[in-house]
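Open the model in your viewer and keep the selection box at hand. Each stop below says what to pick and what is there.

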Amino acid sequence: MTYEILKLREHPELAEPAAAWFHEKWGIPLRAYQESIAACLTNSGAVPQWYLAVDDWEILGGLGAIENDFHDRKDLTPNVCAVYVEKARRRQGIAGALLETVCSDMLDMGIDTLYLLTDHTGFYERYGWQYLCQAQGDGEEEPSRMYIHHE
């Protein structure tokens with residue numbers, strides 16, 4: 001099974017399909033993804049950025065890099081967000097390739113530290129992320145785990 005990792009800023013034709021895909025996976029309003037992806041395509045700054053794993057233009061997985069992933073630690077920025085791989089394509093290295101791409105791409109743009117909010121334990125450590133602290137997600141009853149990746 002093959003796939004490639006795309007930087008959405010280099011593939012504006014995927015903006016709408018990507019926004020719809022992320023919306024479907026996470027339930028965040030479609031408009032929020034459309035606006036963030038539009039900013040990715042038009043801004044010259046490092047954030048926001050969006051990345052997709054595709055196989056023959058079918059979206060298999062994706063993630064983004066945004067200022068804040070809806071949590072109370074506004075000082076921990078930028079954040080990797082919306083990490084998702086289709087269930088049928090998990091355990092094939094796609095998430096790792098996406099994480100490696102975002103870290104490398106951000107480093108190329110002068111950002112050597114990224115943060116990620118998750119409820120997963122043990123997954124992100126495989127890819128060089130370290131647990132940092134607890135953070136309170138907006139509207140969440142329980143705090144989540146904040147990870148850091150530093151080059």
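Begin with Asn79: across from this residue, in E5, stands Tyr115. You are looking at a predicted model.

Now widen the selection to residues 79-85, strand E4, and residues 113-118, strand E5. The two run parallel, joined by 2 bridges.

Add helix H3, residues 94-108. H3 packs on the sheet and touches E1, E2, E3, E4, E5 and strand E7 (144-150). Its direction makes about 145° with that of E2.

Next, select helix H2, residues 30-42. H2 lies across strand E2 (49-55), strand E3 (58-66) and E4. Against E2, H2 runs at about 100°.

Zoom out to the whole sheet. It is open and holds 7 strands, with mixed pairing. Read across, the order is E1-E2-E3-E4-E5-E7-E6. Which strands stand at the edges? They are E1 (4-7) and E6 (130-135). Each has a single partner strand, so one side of each is left without a neighbour in the sheet. From one strand to the next, the twist averages 30°.

Last, show the cysteine sulfurs. How many disulfides are there? The count comes to 0, taking a disulfide as a pair of cysteine sulfur atoms within 2.5 Å. Pick Cys40: its nearest cysteine sulfur belongs to Cys81, 11 Å away. Cys40 is buried, at 2% relative accessible area.

Finish on Cys133. The closest cysteine sulfur, in Cys103, is 17 Å from that of Cys133, which is too far for a bond. Cys133 also counts as buried, at 16% relative accessibility.

Technical notes: Residues numbered from 1 in each chain as written. Predicted model: local features only at pLDDT ≥ 70, side-chain atom pairs only at ≥ 80, totals over all residues. Heavy atoms only, no water. Pairing = 2+ DSSP bridges. Helix = DSSP H or I, 4+ residues; strand = E, 2+ residues; numbered from the N terminus. Axes fitted to C-alpha atoms, helices over the stretch in contact; angles between N-to-C directions. Contact = heavy atoms within 4.5 Å. Buried < 20%, exposed > 50% of the residue type's maximum accessible area, 1.4 Å probe, protein only.
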